[in-house]
Amino acid sequence: MNVSLVERIESVLPQTQCRECGYEGCKPYAQALVQGEAEVNLCAPGGGEVVQDIAALLDRPALAPAKIQEKALAWIDEAVCIGCTACIRACPVDAIMGASKLMHTVIASECTGCGLCVAPCPVDCIYMQPVQADYLPLARELASNAEPRFAAASHAKARYEWHEERKARDAAERKAYLAEKEAAAKARMQQPAEQERQKAAFNPADLIAQAMARAQTQQERRIVPANRETFKEQQIREAKERASYRRALRDVKYGSEAEKAAAIEYLREYKAAQEAKMQQDKI
């Protein structure tokens, strides 16, 4: 296929992507023309002007336009609109604003008059209103050509390309979302199996044996030594420790700087000793 010829033919088309020619857009129609699969007079919005340009590029005889599409802008009856977003998805240049279950409206300056939004509307609230204009869309900010006809086409093509990029981006994001959702569902399905495996590995007898061993150790430590003198010394030592602990707390709060420093050091050692003792009791 002659790519440069396709591009030249596409450049003379109005870029409304209306599909009145029977193809999915202006570029597919240009490709069909180069391949000899389409007539030169199928562009309804372009009319005789476009037919003459196509015929000259292909060196084929010009024909009368098969159909003329009058210039018109889409209009939405906002009182009837149910916010289904069907027209938003149909618009090839993103000229309709709105959101699901909210009112939609047409950006008149961006509308190319293709009419693709009319058929999908389930409540028939979209109408094509005739407009006095030689070329659509009315906006020309994105145009790369100063001549009105080609400025309109250039602007419309830029909007269409943005539309296609957005659709591709949305499709990729949705694909990633669905993949993440599927992975999460699989993970949830695997959780019961993992829980069953953990239950099978758990042996209540082991837990009971560990508890009994700890209780036995604690009971042995509570037994009074056979030598009562040793027991008495132990009681005195514990009483002194409690007294020293209370004195250290008092010095921290009311003592001199030296007493506070000594008390803090003692409390650190006391805490370490108690933690070591608690750790020993757990064994």
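A trainee and a mentor talk through the domains, salt bridges and some single residues of a predicted model.

Trainee: Before we start, what kind of model is this?
Mentor: This is a predicted model, in which local features need pLDDT of at least 70 and side-chain atom pairs count only at pLDDT 80 or more, while totals for chains, interfaces and linings use all residues. Residues are numbered from 1 along each chain as its sequence is written, and side-chain values use heavy atoms, with hydrogens and water left out.

Trainee: Okay, how is the protein divided into domains?
Mentor: There is domain 1 (5-58), domain 2 (72-139) and domain 3 (230-281), with bounds that come from an automatic or database domain assignment. The centres of domain 1 and domain 3, taken over C-alpha atoms, are separated by 97 Å.

Trainee: And how many salt bridges does the structure hold?
Mentor: The structure holds twelve salt bridges, where a salt bridge is a side-chain nitrogen of Lys or Arg within 4 Å of a carboxyl oxygen of Asp or Glu. One of them joins Arg166 and Asp94 at 3.0 Å, N to O.

Trainee: Where do Arg166 and Asp94 lie?
Mentor: Arg166 lies in helix α5 and Asp94 in the loop between α4 (86-90) and β2 (96-97), so the pair ties together parts that are 72 residues apart in sequence. Helices (H or I, at least four residues) and strands (E, at least two) are DSSP runs, numbered from the N terminus.

Trainee: Which residues are joined into one network by salt bridges that share partners?
Mentor: Glu49, Asp53 and Arg149 are joined in that way, and the side chains of Glu49 and Arg149 meet at 3.9 Å, N to O. Glu49 lies in helix α3 and Arg149 in helix α5 (residues 148-201), so this pair ties together parts that are 100 residues apart in sequence.

Trainee: Is Arg149 buried or exposed?
Mentor: Arg149 is buried, with a relative accessible area of 10%, whereas Glu49 is partly exposed at 37%. Buried means under 20% relative accessible area, exposed over 50% and partly exposed in between, with a 1.4 Å probe and protein chains only.

Trainee: Switching topic, what is Glu10 in contact with?
Mentor: Leaving aside its neighbours within four places in sequence, Glu10 is in contact with Gln15, Lys27, Ala30 and Lys157, contact meaning heavy atoms within 4.5 Å. Glu10 lies in helix α1 (residues 3-12) and is buried, with a relative accessible area of 9%.
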